[in-house]
Amino acid sequence: MCGIVGLFLKNDALQANLGRLIVPMLATMSDRGPDSAGIAVYAPPKPGSLRLTLHGQADPLDAVALREAMARALGASVAVEARSTHAVVTLPEGSLEAARAWLARERPDLALVGYGRRMMLFKEVGLPQQVADRFGLAGMSGTHAIGHTRMATESAVTTDGAHPFSTGADQCLVHNGSLSNHNALRRELRRQGLQFHTENDTEVAAGYLTWRMSQGLNLGQALRAALSDLDGFYTFVVGTETGFGVLRDPIACKPAVMAETDDYVAFGSEYRVLVSLPGIEKARVWEPEPATVYFWEREGDRVQERAA
Amino acid sequence: MSDFDLSQASLRELNQALHKLTAESNDLMWRVLNPQGRHAIAAGVDAPVSIEIEGNVGYYCAGMNQQATIVVNGNAGVGVAENMMSGLVHVKGDASQSAGATAHGGLLRIDGNASARCGISMKGVDIVVGGSVGHMSAFMAQAGNLVVLGDAGEALGDSLYEARLFVRGTVKSLGADCTEKPMRDEHKSQLADLLARAGLDGEVDPGEFRRYGSARTLYHFHVDNLDAY
């Protein structure tokens, strides 16, 4: 059992409140997933910059030392914001590969959990409210956020096993369920050049969508393809730089409730997750259909539901 | 009329108060405010009481109901009225999966849609759905009636026993051992009674429905299957 929450804002005026809106949703899902929690937050991009989220052992990470060492090595201006065991590193877009190589060589103790123009990704072991507090999630702003509370069944309770999983720039995926063909698919995707860091089934689903999108498919089309290639139980919520997608397997054992108003699209494993959202009493509330792709995209300052 | 506000008092207090009610209790009209999707609201009630719930409810609302009339002015989560024995449960919105699961008696009316597995293993309940039902509805349904004014999803009535299924719209596919049966006058009059009990008297024509039931080839012993034992 796991819990999923997601919030995709349509009304820019709510962006400053994104963290305050999603933390109670995450905390409500402690009942479905008390052993670890994680969240991806998409903040407005800084022109010409990328954000790397790193995970280490120290709490807090030494931001000053990391910033100085990276700036020196990359010969570029670098900003580092430590949040508990994680750090968000902001650096020039062109420095990504150099930064990855430097991290692998000089700081193998730091894991790159996600990167992109907008996405920051935080995950830790512990009760969801405690995880949210240690990262200061309530104070974060942005356009969309996707969170997960985990009750582990298939692999160990570790930070690496916590969701979301990110396998491409600004891409993240959370999963309630279990896949049955992930080993074969992981081998196939490795042959296609993808790298995997865990034995976790969800990482394979994330990698699969990354691979499909690298072939030119949009998120909705990639999710549609997943229906034929992924076998098992799943409710997925997926984020991209500008998109928000939902997919349930054809059997649809894993719960899902959605709500939409003029201000947001929201997802919860149960309706309880959504009750703290503004205007929920008047929202359109529905259960997403099995084997049906739901997909929203932000274009400029407008959000549109798209057909897959 | 008693108002019970779930933002002021706990769900356990509500259910304990409801469990104490008998036919002789003074107040048999209850209203529940701010349900906020909580699970097991008004589960296990056994008294001729009327309960209105003002908002969306979570899992197993009105589960095991006996005698009570429970109205949900909103949507219901998984397993509404599961294992109901008698009484009436009326969901004004949509219901999630497994609505009326294993229920033995009473009437479950859903004005909106019910998702997958509506009436799974039903054992005598009558279920009337104003909208459509999802896949695997009436799976292993043993007795009672499932009436669907809209459409039915895949594998309707899979491994069906003796429950009767009436669908007004399309059926995406029939499950194993479920078959269409002729809609004779006796079935039309049974259906008219059911619709009347659900408060839909005269709103739809029983002649617009098709009837489905068990082909009775799965659950009777067949000598060709001897090798399986």
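Guide: A residue is called buried if 20 or more other C-beta atoms, placed from the backbone, lie within 10 Å of its own C-beta, exposed if 12 or fewer do, and partly exposed in between. This is a predicted model, in which local features need pLDDT of at least 70 and side-chain atom pairs count only at pLDDT 80 or more, whereas totals for chains, interfaces and linings use all residues. Residues are numbered from 1 along each chain as its sequence is written, while chains are lettered from A and ligands numbered from 1 in the order in which they are written.

Visitor: How should I apply that count to one residue: is A:T149 buried or exposed?

Guide: A:T149 counts as buried because 33 C-beta neighbours fall inside 10 Å. Its place is in strand β8 (residues 144-150) of chain A, where helices (H or I, at least four residues) and strands (E, at least two) are DSSP runs numbered from the N terminus.

Visitor: Which residues does A:T149 touch, beyond those up to four places away in sequence?

Guide: Two residues are in contact if their C-beta atoms, placed from the backbone, lie within 7 Å. By that rule A:T149 touches A:C2, A:G3, A:L26, A:M29, A:S30, A:R32, A:G33, A:A37 and A:P128. The C-alpha atoms of A:T149 and A:A69, by comparison, are separated by 34 Å, with their positions 80 residues apart along the chain.

Visitor: A:L26 appears in that list; which elements do the buried residues of its helix, α1(A), pack against?

Guide: In general, an α-helix has 3.6 residues a turn, so residues three or four places apart point the same way. Helix α1 (residues 18-28) of chain A is mostly covered, since eight of its 11 residues are buried, namely A:L18, A:G19, A:I22, A:V23, A:M25, A:L26, A:A27 and A:T28. The buried residues of α1(A) pack against β1 (2-9), β2 (36-42), α4 (128-135), β8 and β14 (264-268) of chain A.

Visitor: How do I read a nonpolar core, and which residues touch the most other members of the largest one?

Guide: A nonpolar core is a set of buried Ala, Val, Leu, Ile, Met, Phe, Trp, Tyr and Cys residues joined through C-beta atoms within 7 Å. The largest has 92 residues, and A:L26 and A:A205 touch the most other members. Helix α6 (residues 201-214) of chain A gives the most to this core, contributing seven residues. At least three residues come from each of domain 1 (2-44 + 126-305) and domain 2 (45-117) of chain A, with bounds taken from an automatic or database domain assignment. Another core lies apart from this one and has 73 residues, among them B:A40, B:V80, B:A103 and B:V167.

Visitor: How far apart are the C-alpha centres of the two domains of chain A, and how many residues does each give to their contact?

Guide: The C-alpha centres of domain 1 and domain 2 of chain A lie 24 Å apart. Their contact takes 11 residues from domain 1 and 10 residues from domain 2. For composition, Ala, Val, Leu, Ile, Met, Phe, Trp, Tyr, Cys and Pro count as nonpolar, Asp, Glu, Lys and Arg as charged, and the others, Gly among them, as polar. On that scheme, the side of domain 1 that touches domain 2 divides into five nonpolar, three polar and three charged residues.

Visitor: How many residues does each chain bring to the contact between chain A and chain B?

Guide: Chain B brings 13 residues and chain A brings 10 residues. The side of chain B that touches chain A divides into two nonpolar, nine polar and two charged residues.

Visitor: What radius of gyration does chain B have?

Guide: The radius is taken over C-alpha atoms, and the globule rule is 2.2 Å times the number of residues to the power 0.38. Chain B has 18 Å, which agrees with the value near 17 Å for a compact globule of 229 residues. Its C-alpha trace spans about 60 × 45 × 30 Å along the principal axes, and 52% of its residues count as buried.

Visitor: Finally, in which sense do β3 and β4 of chain B pair?

Guide: Two strands pair if DSSP finds at least two bridges between them. Strands β3 (residues 50-54) and β4 (residues 69-72) of chain B pair in the parallel sense over four bridges, with B:E52 opposite B:V71 in β4(B). In chain A, by contrast, β16 (residues 294-299) and β17 (residues 302-305) run antiparallel and are joined by four bridges. A:W296 stands opposite A:E305 in β17(A), and in this hairpin, which has two residues between the strands, A:G300 takes a positive phi near 65°.
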